[in-house]
Amino acid sequence: MPENPTEIGYNTKIEGDVIVTRADAVLNWFRKNSLWPMPMGLACCAIELMAAGSSRFDISRFGSEVMRFSPRQSDLMIVAGTVTYKMGLAVKRIYDQMAEPKWVIAMGACASTGGMYRSYAVMQGVDNILPVDVYVAGCPPRPEALLDALMKLQTKVGKEPVIRTQKALPVEA
Amino acid sequence: MSTTAKRLAQKLKKAFSTALGSVSEFRDELTLIVTDPAQIKDVCQYAKTELGFDYLVDVSSVDNYGEDPRFEVVYEMYGYEHQAHLRLVATVSEESAVIPSVTSVWKTADWHEREIYDMMGISFEGHPDLRRILMWEGYPYFPLRKDFPLAGKATELPEVAFSKPAPLEGGPFVTTAGSEDRQRGEPRSKSVSS
């Protein structure tokens, strides 16, 4: 067994053509290496998000290059920018349409806390309406910061108990 | 300051001597006070068709809270032909908060007037589509009025939007009113704890 039980261990000398692992670990391995983002670009952070997707920073190194503009095909909502109260419920509706399991990155100061906008019109952090997994500091954060957040999220996804959460889902009668 | 602008302003004043007040000049800009706001549409129509002010640069509004009349609506106009600029300032009282729309003169006034309606709560008589433009339909306040708090107010409109007051708490975002100079009043000179 590997030292970290959430990682997949494979020793060719011992195991040959057979991989011995835990179901949680292998399912999480699938999940965390293909987090398809839903780019919720609302302000200048979205420009950095685009840069993260382009060749210089290349988010595809982490399996997240498939930006889906449909919530039904995405796993990860990247809220990049200022969430106004007028936009708030639209963001929530898009999040609600994403299939489980799903995660949220609040990219930048605005999405995390409202940023410099202490105002009647700006929601003071998207965590008022969504469960945020990773917050990224910066105004706007550089693409590297977003990639770091993605790696942190991958670590988090890798530790989630898949089987148990699926059993815990309510059974419809 | 172009003599053309002065000449045109005097011409406009002569045509509407009952509706217009004095012409004032400040830093090479001409301002005409509209003493009878009910005639603003006719004044603008004349300025456009007879005096060649074919471009409405902006319409904005001012809240002189505590004074009467409370509001001012400011029209910035410009003519491409003679390249002269002129500003009209019309006063609007708090009780009526209504002024005729100039959308029939310049189409571009449409969204400017909707913004003023949304932010300041001044209605425009004869506007073809006077809805809120920035805030959502059903928002109960006019947020750029001086008696509206900077932090905002809590509202709830199910299925549409909600809002909560933003935390200010004397933080780095708040300008201190009445401080001796801007250096001390501006947010950047303050630490978060003070």
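Leaving aside neighbours within four places in sequence, which residues is B:Glu29 in contact with? The answer is B:Ser24 and B:Arg87. Please keep in mind, as we walk through the structure together, that this is a predicted model.

Let us stay with B:Glu29 for a moment. This residue belongs to strand S2 of chain B, which covers residues 29-34. Its contact with B:Arg87 involves the side chains of both residues, which are joined by a polar contact of 2.5 Å. B:Glu29 counts as partly exposed, because its relative accessibility is 34% and the buried class is kept for values under 20%. There is also a backbone view of this region: the C-alpha atoms of B:Glu29 and B:His85 are separated by 7.4 Å, although their positions lie 56 residues apart along the chain.

Stepping back, we can place this strand within chain B as a whole. The chain holds 4 helices and 9 strands, and reading along the sequence gives the pattern α-β-β-α-β-β-β-β-α-β-β-β-α. Chain B has 194 residues, and 39% of them count as buried. If you take the contacts in chain B between residues at least 6 apart in sequence, 43% of these join residues at least 24 apart.

Aromatic rings offer another way to follow the fold. Over all chains, a search of the whole structure finds 11 aromatic pairs. One of them is the pair of B:Tyr55 and B:Tyr78, which is edge-to-face, with 6.4 Å from centre to centre and 90° between the planes. B:Tyr55 sits in strand S3 (residues 55-63) of chain B and B:Tyr78 in strand S4 (residues 71-78) of chain B, so this pair ties together parts that are 23 residues apart in sequence. How accessible are the two partners? B:Tyr55 is partly exposed at 34% relative accessibility, and B:Tyr78 is partly exposed too, with a relative accessible area of 23%.

Another edge-to-face pair is made by B:Tyr139 and B:Tyr141, whose ring centres are 5.8 Å apart and whose planes meet at 80°. Here one ring is buried and the other is not: B:Tyr139 has a relative accessible area of 4%, so it counts as buried, while B:Tyr141, at 26%, counts as partly exposed. Both tyrosines belong to one aromatic cluster, together with A:Tyr120, B:Trp136 and B:Phe148. Notice the chain letters in that list: the cluster has members from chain A and from chain B.

That brings us to the interface. On the chain B side 22 residues are in contact with chain A, and on the chain A side 13 residues take part. The size of an interface is often given as the accessible area lost when the parts come together. For chain B and chain A this buried area is about 1400 Å², and carbon and sulfur atoms give 65% of it. Across the interface the rule finds 0 salt bridges, and it finds 3 residue pairs in polar contact, both residues being at pLDDT 80 or more. Strand S9 of chain B (residues 161-163) gives the most to the side of chain B that touches chain A, with 3 residues. That side of chain B divides into 18 nonpolar, 2 polar and 2 charged residues.

Now for a loop in chain B. B:His127 has its place between strand S7 (123-125) and strand S8 (155-157). Is this histidine buried or exposed? With 10% relative accessibility, B:His127 counts as buried. Its side chain reaches two backbone nitrogens: that of B:Asp129 at 2.9 Å and that of B:Leu130 at 3.4 Å. Beyond its neighbours within four places in sequence, B:His127 is in contact with B:Ser101, B:Thr103, B:Asp110, B:Glu113 and B:Arg114.

Our last stop is in chain A, at A:Asn28 in helix H2 (residues 23-32). A:Asn28 is buried, with a relative accessible area of 2%. Setting aside neighbours within four places in sequence, its contacts are A:Val157, A:Gly158, A:Lys159, A:Glu160 and A:Val162. Two of these residues offer a backbone oxygen to a polar atom of the A:Asn28 side chain: A:Glu160 at 2.6 Å and A:Val157 at 3.5 Å.

Methods:
Residues numbered from 1 in each chain as written. Chains lettered and ligands numbered in written order. Predicted model: local features only at pLDDT ≥ 70, side-chain atom pairs only at ≥ 80, totals over all residues. Heavy atoms only, no water. Contact = heavy atoms within 4.5 Å. Buried area = accessible area lost by both parts, 1.4 Å probe. Salt bridge = Lys/Arg side-chain N within 4 Å of Asp/Glu carboxyl O. Polar contact = N/O pair within 3.5 Å; in protein donor to acceptor, adjacent residues only side chain to side chain. Helix = DSSP H or I, 4+ residues; strand = E, 2+ residues; numbered from the N terminus. Nonpolar A, V, L, I, M, F, W, Y, C, P; charged D, E, K, R; others polar. Buried < 20%, exposed > 50% of the residue type's maximum accessible area, 1.4 Å probe, protein only. Phe/Tyr/Trp six-rings, centres within 6.5 Å; stacked < 30°, edge-to-face > 60°.
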